[in-house]
Amino acid sequence: MESCPSIKNILLLDSEGNRVAVKYYSDEWPNNSAKEAFEKSLFTKTQKTNARTEAEIAMFESHIIVYKFVQDLHFFVTGAENENELILVTVLQGFFDAVGLLLRGTVDKKEALENLDLILLCLDEIVDGGIILETDANVIAGKVASHNIDAAAPLSEQTISQALATAREHLARSLLK
């Protein structure tokens, strides 16, 4: 029986192995200390590699890890040992490129921390519960950017759900007066 490709976690670490943004989709790491231990040991194993131009693939603790580095950020995607590496690389590249688009080409730790909300939304648009939703960086960045549309924008420039949310907000305010 074939199953849907799934992701165990997506990690964005800095050049010292500290968390910038992480999202776990598996119960294999039951608590925060187990997750941090996994991140530290993964970082230690991969820090000496040169994954700056292309994504690298490695086996680590019976998982397939794909990763890529840029400036002082390290991007990781983890899958099961029987997962298709090409799918994992596609998820990694989608995340990497979407972050690049959202940060307007300035992909470094400072900029990532200043726009952490966009990066976390980006993770939510890519994977939900371990199931891959989207890998096209332009679509991901577009969806994330649409979350940030100002509520004061004219209704014609909002999506239907945003317009309904704005209408609901106005109705609630008028009822509370």
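**View 1. Strand 4 and strand 5 pair side by side in the antiparallel sense, over eight bridges.** Welcome to this predicted model; we start with a pair of neighbouring strands. Strand 4 covers residues 63–70, and strand 5 covers residues 73–80. For one bridge to look for, find Ile64: its partner in strand 5 is Gly79. Together, strand 4 and strand 5 make a hairpin, with two residues between them. While you are at the turn, stop at Gln71, which has a positive phi of about 50 degrees.

**View 2. Strand 5 is largely enclosed by the rest of the structure.** How many residues of strand 5 are buried? Eight of the eight are, and that is why we can call this strand largely enclosed. Being buried here means having under 20% relative accessible area. Strand 5 also pairs with strand 1: the two run antiparallel and are joined by six bridges. At one position along this pair, Leu11 stands opposite Phe76 of strand 5.

**View 3. Strand 1 also pairs with strand 2.** Strand 1 spans residues 9–14, and five bridges link it to strand 2 in the antiparallel sense. Look for Leu12 here, which has Ala21 of strand 2 opposite it.

**View 4. Five strands come together as an open, antiparallel sheet.** Try tracing the strands across the sheet in the order 2-1-5-4-3. Which strands stand at the edges? They are strand 2 (19–24) and strand 3 (56–60); each has a single partner strand, so one side of each is left without a neighbour in the sheet. From one strand to the next, the twist averages 20 degrees.

**View 5. Two helices lie across strands of the sheet.** Helix 1, made of residues 32–46, lies across strand 1, strand 2, strand 3, strand 4 and strand 5. Its direction is at about 115 degrees to strand 2. Helix 4 is built from residues 116–126 and lies across strand 1 and strand 2. Relative to strand 2, helix 4 runs at about 20 degrees.

**View 6. A closer look at Thr90, a residue of helix 2.** Helix 2 takes in residues 85–102. Is Thr90 buried, partly exposed or exposed? With a relative accessibility of 38%, Thr90 counts as partly exposed, because that class lies between the under 20% of buried residues and the over 50% of exposed ones. Now find Val77 as well: Thr90 and Val77 are 13 residues apart in sequence, and their C-alpha atoms are 9.8 Å apart in space.

Definitions and conventions: Residues are numbered from 1 along each chain as its sequence is written. This is a predicted model: local features need pLDDT of at least 70, side-chain atom pairs count only at pLDDT 80 or more; totals for chains, interfaces and linings use all residues. Side-chain values use heavy atoms; hydrogens and water are left out. Helices (H or I, at least four residues) and strands (E, at least two) are DSSP runs, numbered from the N terminus. Buried means under 20% relative accessible area, exposed over 50%, partly exposed in between (1.4 Å probe, protein chains only). Two strands pair if DSSP finds at least two bridges between them. Axes are lines fitted to C-alpha atoms, for helices over the stretch in contact, and angles run from 0 to 180 degrees between N-to-C directions. Contact means heavy atoms within 4.5 Å.
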